[in-house]
Amino acid sequence: MADIVSIVESSENIESRLRYGLDLIGGFVIDSLPIIIKPNLCTEIDKLKSGNTNIETIKAVLNILLKKDQDAKIQIVESDSAGKWLDRAFQINGYIEMLEEYRVNGYDIELVNLSKETDVTSIPQSESIPDIRIPKLLLEPNFFISIARAKTHSFTDITGVLKNQFGCIPRKDKEVYHKVIDKTILEINRNIKPDLCIINATTGTEGVIGKTRHMGILLFGHKPVSVDSVLAKVMGFTPDRINHIALASSYGLGSIHPKIVGLPIDKISVKFPKPNKIVKIVNLKIPDGLRPIFRRIYENLGK
């Protein structure tokens with residue numbers, strides 16, 4: 001596939017917008033492979049309504065996939081994390097109800113909690129970072145779709161497709177990787193390469209407890225570095241100065257300067273403030289045993 005990123009205006013008819021954005025990048029070919037969808041579910045209760053991949057986007061993607069192949073085997077995957085129990089997040093965010101709707105109509109769709117998978121393996125790593133064990137189902141032949149949200153983050157400047165794959169690590173205490181977050185994101189994406197990347201940037205979020213900002217766009221591409229680089233530019237960042245994007249660009253995961261089709265960046269740019277690095281510095285100094293307490297305090301600040 002050509003290294004093209006499309007930007008289209010979002011609307012209430014999310015399915016038609018998705019189809020249009022996908023057409024602009026040349027569509028996609030599944031080749032009868034099992035399909036894995038990785039949404040971004042970062043919290044159980046999405047207070048800002050812009051942190052999690054919303055259920056309407058997932059349904060629209062499912063409808064597009066099932067029109068191509070009604071017999072497709074589809075797995076929607078996520079994991080537990082410090083801020084959530086995934087089974088509860090699936091329930092609260094409408095994924096369980098959605099699954100029942102599709103299964104009643106005979107479709108082969110499954111929700112998978114990666115943290116409950118027992119068949120895991122260590123992935124090869126080129127850097128000295130803690131052992132990364134990944135469920136084998138992610139490493140078998142598949143068509144992998146990563147559906148992210150647009151956010152800033154004190155550890156990585158932005159959260160896009162590359163950072164979304166961080167959630168493929170099944171262990172709940174993912175903070176053990178925070179000191180080497182950029183290298184960890186690189187290793188995950190070297191081993192689990194998305195075939196299709198979608199970012200719902202209808203809104204963007206400033207950090208975990210920051211304000212929500214209207215962006216009004218959707219982004220599409222086949223390579224995560226390319227899509228994240230365009231997102232970074234839209235948000236007012238320089239992608240080659242974002243560590244995990246710069247690292248990943250050297251490993252065949254896309255270009256920092258892909259061809260852009262659809263809306264021009266200068267017409268839809270929404271400049272975000274650079275994340276506060278004090279949060280990162282403080283976080284790295286917190287003893288592991290006290291992290292749950294500090295996280296609850298931090299999250300309560302947004303209530």
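What is the handedness of the crossing of H1 and H2? I looked this up first in the model, which is a predicted one. The crossing of H1 and H2 proved to be right-handed.

**Entry: H1 against H2**

I noted that two packed helices are described by the angle between their axes and the distance between the axes. For helix H1 (residues 14-24) and helix H2 (residues 55-68), I recorded a packing angle of about 60° and axes 9 Å apart. That angle makes H1 oblique to H2.

I then listed the residues at this contact. H1 contributes Ile-14, Glu-15, Leu-18, Arg-19 and Leu-22, and these meet Glu-56, Thr-57, Ala-60, Val-61, Asn-63, Ile-64 and Lys-67 of H2. Sorted by class, the contact of H1 with H2 holds six nonpolar, two polar and four charged residues.

I followed Glu-15, a residue of helix H1, in further detail. Its relative accessibility is 22%, so Glu-15 counts as partly exposed; the cut-off for buried is under 20%. Not counting residues up to four places away in sequence, Glu-15 touches Ala-60, Asn-63 and Ile-64. I also recorded Glu-15 and Val-61 as 46 residues apart in sequence, with their C-alpha atoms 7.2 Å apart in space.

**Entry: H2 by itself**

Does the end-to-end distance of H2 agree or disagree with the span expected at 1.5 Å a residue? The 14 residues of H2 should span 20 Å, and the end C-alpha atoms are 20 Å apart, so the two agree.

I next went through H2 for buried positions. Ile-55, Thr-57, Ile-58, Ala-60, Val-61, Leu-62, Ile-64, Leu-65 and Leu-66 are buried in this helix. I kept in mind that an α-helix has 3.6 residues a turn, so residues three or four places apart point the same way.

**Entry: H2 against H4**

The second partner I examined for H2 was helix H4 (residues 95-104); the two axes come within 11 Å and cross at roughly 25°. That makes H2 roughly parallel to H4. I recorded the crossing of H2 and H4 as right-handed. From H2, the contact is made by Ile-55, Ile-58, Lys-59, Leu-62, Asn-63 and Leu-66, and from H4 by Tyr-95, Met-98, Glu-101 and Tyr-102. The residues of this contact of H2 with H4 comprise seven nonpolar, one polar and two charged. I noted that Asn-63 of H2 is listed both in the contact with H1 and in the contact with H4.

**Entry: backbone at Asp-31 and Ser-32**

I turned to the loop between H1 and strand E2 (35-38), where Asp-31 is placed. Most residues other than glycine have a negative phi, and most peptide bonds are trans. Asp-31, however, has a positive phi near 60°. Ser-32, in the loop between H1 and E2, likewise has a positive phi, of about 60°, although it is not a glycine.

Are these two residues buried or exposed? Asp-31 counts as exposed because its relative accessibility is 62%. Ser-32, at 69% relative accessibility, also counts as exposed.

**Entry: H7**

I checked helix H7 (residues 224-234) for cover and found 10 of its 11 residues buried. Among the buried residues of H7 are Pro-224, Ser-226, Asp-228 and Ser-229. Just after H7, I recorded a positive phi of about 90° at Gly-236.

**Entry: two lysines in loops**

I looked up Lys-84 in the loop between strand E3 (73-78) and helix H3 (86-92). Lys-84 has a relative accessible area of 3% and is therefore buried. Leaving aside neighbours within four places in sequence, Lys-84 is in contact with Leu-41, Cys-42, Thr-43, Glu-44, Glu-78, Ser-79, Ala-89 and Lys-172. The C-alpha atoms of Lys-84 and Thr-43 are 5.3 Å apart, while the residues are 41 apart in sequence.

I then looked up Lys-116, in the loop between strand E4 (108-113) and strand E5 (120-122). Lys-116 is exposed, with a relative accessible area of 56%. Lys-116 and Ser-79 are 37 residues apart in sequence, and I recorded 8.2 Å between their C-alpha atoms.

**Entry: the chain as a whole**

I closed with totals. The protein chain has 11 helices and 11 strands, and buried residues make up 52% of its 303 residues. Among contacts between residues at least 6 apart in sequence, 74% join residues at least 24 apart.

Notes. Residues are numbered from 1 along each chain as its sequence is written. This is a predicted model: local features need pLDDT of at least 70, side-chain atom pairs count only at pLDDT 80 or more; totals for chains, interfaces and linings use all residues. Side-chain values use heavy atoms; hydrogens and water are left out. Axes are lines fitted to C-alpha atoms, for helices over the stretch in contact, and angles run from 0 to 180 degrees between N-to-C directions. Helices (H or I, at least four residues) and strands (E, at least two) are DSSP runs, numbered from the N terminus. Angles under 35 degrees count as roughly parallel, over 145 as roughly antiparallel, 65 to 115 as roughly perpendicular and the rest as oblique. A crossing is left-handed if the near helix is turned anticlockwise from the far one by less than a right angle, and right-handed if clockwise. Contact means heavy atoms within 4.5 Å. Ala, Val, Leu, Ile, Met, Phe, Trp, Tyr, Cys and Pro count as nonpolar, Asp, Glu, Lys and Arg as charged, and the others, Gly among them, as polar. The expected span of a helix is 1.5 Å times one less than its number of residues. Buried means under 20% relative accessible area, exposed over 50%, partly exposed in between (1.4 Å probe, protein chains only).
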